[in-house]
Amino acid sequence: MNELRVGDAAPDLVLLDAAERPVALATFWQQAPLVLIFLRHFG
Amino acid sequence: MQGRLAEFEGRGARVVAIGQGTGAEAAAAARRHRITFPVLGDPGHDGYRTLGLGRTGWFGLTLEPFFDDPRGAFQNLKRADLRASANPRSDVRRLGGALVVDAGGRVRFLHRSRTTTDVPATDALLAALS
């Protein structure tokens, strides 16, 4: 798999919300630019 | 990030945090850290792997941060690493990162942390929204 780079299409990751429901990140950036912070852990 | 959230929202952007764990653990972390923007769980670390976010070794986890950023390293230990290490879904050696995606779904900014204290400057994230 090629490494993701600036200019590439963002990967449409599916993650879990508080109710453990799947959330596709594309639903966010389809509405507005999105800043994603990947935490090291929840601390 | 929480302290400067208004600057991101003022530029029409949304902020989302992602962590290693379930959605319920993400919500608990949001409450614990008083985060008002969405926090999502990635229990299988798929997002981390997709972005190519790496893992540090034991030197990078223990001693290197004190050379790189002593204050940040102390905060990491005090706040988080010990608690995270007790969670089987949390890989305490996992490094973080940041991604800015425009409304067309294109990557405008990508940061892969090199060390546990390497975080992108908030101003760099804001500049990527310009």
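Let us begin where the two chains pair strand to strand. In this predicted model, strand β3 of chain A is joined to strand β1 of chain B, residues 14-19, by five bridges. The two strands run parallel. Within this pairing, A:Ile37 stands opposite B:Ala17, a residue of β1(B).

I turn now to the contact as a whole. How many residues does each chain bring to the contact? Chain A contributes 32 residues and chain B contributes 55 residues. On the side of chain A that touches chain B, the elements giving two or more residues are β1 (14-16), α1 (26-29) and β3 (34-38) of chain A. Which of these elements gives the most? That element is β3(A), with five residues. The strand that gives the most to this side of chain A therefore also takes part in the parallel pairing with β1(B), given that at least two bridges are needed for two strands to pair and five are found here. As for the character of this side of chain A, its residues divide into 23 nonpolar, three polar and six charged.

Next, chain A in its own right. Its secondary structure consists of one helix and three strands. Read from the N terminus, the order of the elements is β-β-α-β. The C-alpha trace of chain A spans about 30 × 25 × 20 Å along its principal axes. Chain A has 43 residues, and 37% of them are buried.

I close with two residues whose backbone deserves attention. As a general rule, most residues other than glycine have a negative phi. A:Glu20 has a positive phi of about 65°, although it is not a glycine. Where does A:Glu20 lie? It is placed in the loop between β1 and β2 (22-24) of chain A. Is A:Glu20 buried or exposed? The answer lies between the two: there are 13 other C-beta atoms within 10 Å, and since a residue counts as exposed at 12 or fewer and as buried at 20 or more, A:Glu20 is partly exposed.

The second residue is in chain B. B:Arg34, likewise a residue other than glycine, has a positive phi, near 55°. Its place is the loop between α2 (23-32) and β2 (39-41) of chain B. Why does B:Arg34 count as exposed? It does so because it has 7 C-beta neighbours inside 10 Å, and the limit for an exposed residue is 12 or fewer.

Notes:
Residues numbered from 1 in each chain as written. Chains lettered and ligands numbered in written order. Predicted model: local features only at pLDDT ≥ 70, side-chain atom pairs only at ≥ 80, totals over all residues. Contact = placed C-beta atoms within 7 Å. Helix = DSSP H or I, 4+ residues; strand = E, 2+ residues; numbered from the N terminus. Nonpolar A, V, L, I, M, F, W, Y, C, P; charged D, E, K, R; others polar.
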